[in-house]
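This report covers helix packing and the surroundings of a few chosen residues. The sequence and the structure come first, and the description follows.

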Amino acid sequence: WRTSRCYRIWRKHALGWHCGRGFFREIGAGFVGYLAGLPIVLVGLIVTIILITVTGAQPSHPAVDQAASGEGWWATAQLMLLACVWAPVCEETFFRGAMYAHCRRWMHPLISALLVAFVFAAIHPQGWSTVPALMGLAVSFALIREWRGSIIASATAHAIQNGFVMTLNMLMLS
């Protein structure tokens with residue numbers, strides 16, 4: 001059974017690696033889903049700002065240090081590729097593909113989204129104070145996955161977010 005064609009198709013669909021109603025339609029849905037999820041992200045960002053203000057925490061990310069190093073255009077291009085392509089593909093495959101799909105079989109979509117979002121936020125290196133903002137993003141990505149079935153849309157939204165943040169960092173550091 002596990003070597004059969006049916007199993008391979010089932011596994012691909014379980015992880016969300018299928019084109020849904022069309023590859024480009026899923027990419028478009030990623031843009032729409034990203035915009036629709038911004039209010040959720042904003043709530044998380046407000047909580048994060050309050051936590052940082054109250055506690056004096058200083059969140060950081062290794063990518064910011066890398067961007068600030070000024071190692072040239074090739075290092076910058078590699079960093080952008082890593083943040084905007086590799087990270088969304090890998091993280092969406094694991095979190096919204098495997099983990100969310102597994103939790104979703106046993107739990108309500110919102111509970112699954114919150115659980116996966118917490119794990120997603122906790123493993124990121126920005127620090128504990130950014131967990132609410134990252135959870136807002138991750139819940140938004142999970143809702144996109146629930147809406148579309150495919151992770152192409154959530155990976156697109158993830159790439160948009162990372163691209164926006166990386167571009168903003170590059171502009172601020174230059």
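## Helix α6 and its partners

Leaving aside neighbours within four places in sequence, L137 is in contact with V41 and Q161. The model is a predicted one. L137 is found in helix α6. With a relative accessibility of 10%, L137 counts as buried, because the cut-off for that class is under 20%. L137 and P88 are 49 residues apart in sequence, and their C-alpha atoms are 12 Å apart in space.

Helix α6 as a whole is mostly covered, with 15 of its 18 residues buried. Its length can be checked against the expected rise: at 1.5 Å a residue, the 18 residues of α6 should span 26 Å, and the end C-alpha atoms are 25 Å apart, which agrees. After α6 comes G149, whose phi is positive, near 85°.

### Packing geometry

Two packed helices are described by the angle between their axes and the distance between the axes. The table gives both values for three pairs.

| Pair | Angle between axes | Distance between axes |
|---|---|---|
| α5 and α6 | about 135° | 8 Å |
| α4 and α6 | about 70° | 11 Å |
| α2 and α7 | about 50° | 7 Å |

### α5 against α6

Helix α5 covers residues 109–123 and helix α6 covers residues 131–148. An angle of about 135° lies outside the ranges for roughly parallel, roughly perpendicular and roughly antiparallel, the last of which begins over 145 degrees, so α5 and α6 are oblique to each other. The crossing of α5 past α6 is right-handed. On the α5 side the contact is made by P109, A113, L114, A117, F118, F120 and A121, and these meet V131, L134, M135, A138, V139, A142 and E146 of α6. Sorted by class, this contact of α5 with α6 holds 13 nonpolar residues, no polar ones and one charged residue.

S112 also lies in α5. Its relative accessible area is 0%, so S112 is buried. Apart from neighbours within four places in sequence, S112 is in contact with Y100, C103, R104 and M107.

### α4 against α6

Helix α4 runs over residues 73–106. The angle of about 70° falls in the range of 65 to 115 degrees, and α4 and α6 are therefore roughly perpendicular to each other. α4 passes α6 in a right-handed crossing. From α4, the residues E92, R96, G97, Y100, A101 and R104 meet A138, F141, A142, R145 and E146 in α6. The residues of this contact of α4 with α6 divide into five nonpolar, one polar and five charged.

Is R96, a residue of α4, buried or exposed? R96 is buried, since its relative accessible area is 0%. Beyond residues up to four places away in sequence, R96 touches E91, A101, V116, F120, A138, F141, A142, R145, I151, S154 and H158. The C-alpha atoms of R96 and V139 are separated by 9.7 Å, while the two residues are 43 residues apart along the chain.

T93 is found in α4 as well. Once neighbours within four places in sequence are left aside, T93 is in contact with L15, W17, P88, A98 and I151. T93 and A83 are 10 residues apart along the chain, and 15 Å separates their C-alpha atoms.

### α2 against α7

The remaining pair in the table joins helix α2 (residues 23–55) and helix α7 (residues 152–173). At about 50°, the angle is neither under 35 degrees nor within 65 to 115 degrees, so α2 and α7 are oblique to each other. Their crossing is right-handed. F23, E26, I27, A29, G30, F31 and Y34 of α2 make the contact together with I152, A153, T156, A157, I160 and Q161 of α7. By class, the contact of α2 with α7 has nine nonpolar residues, three polar and one charged. Q161, one of the α7 residues in this contact, is also in contact with L137, a residue of α6.

Definitions and conventions: Residues are numbered from 1 along each chain as its sequence is written. This is a predicted model: local features need pLDDT of at least 70, side-chain atom pairs count only at pLDDT 80 or more; totals for chains, interfaces and linings use all residues. Side-chain values use heavy atoms; hydrogens and water are left out. Axes are lines fitted to C-alpha atoms, for helices over the stretch in contact, and angles run from 0 to 180 degrees between N-to-C directions. Helices (H or I, at least four residues) and strands (E, at least two) are DSSP runs, numbered from the N terminus. A crossing is left-handed if the near helix is turned anticlockwise from the far one by less than a right angle, and right-handed if clockwise. Contact means heavy atoms within 4.5 Å. Ala, Val, Leu, Ile, Met, Phe, Trp, Tyr, Cys and Pro count as nonpolar, Asp, Glu, Lys and Arg as charged, and the others, Gly among them, as polar. The expected span of a helix is 1.5 Å times one less than its number of residues. Buried means under 20% relative accessible area, exposed over 50%, partly exposed in between (1.4 Å probe, protein chains only).
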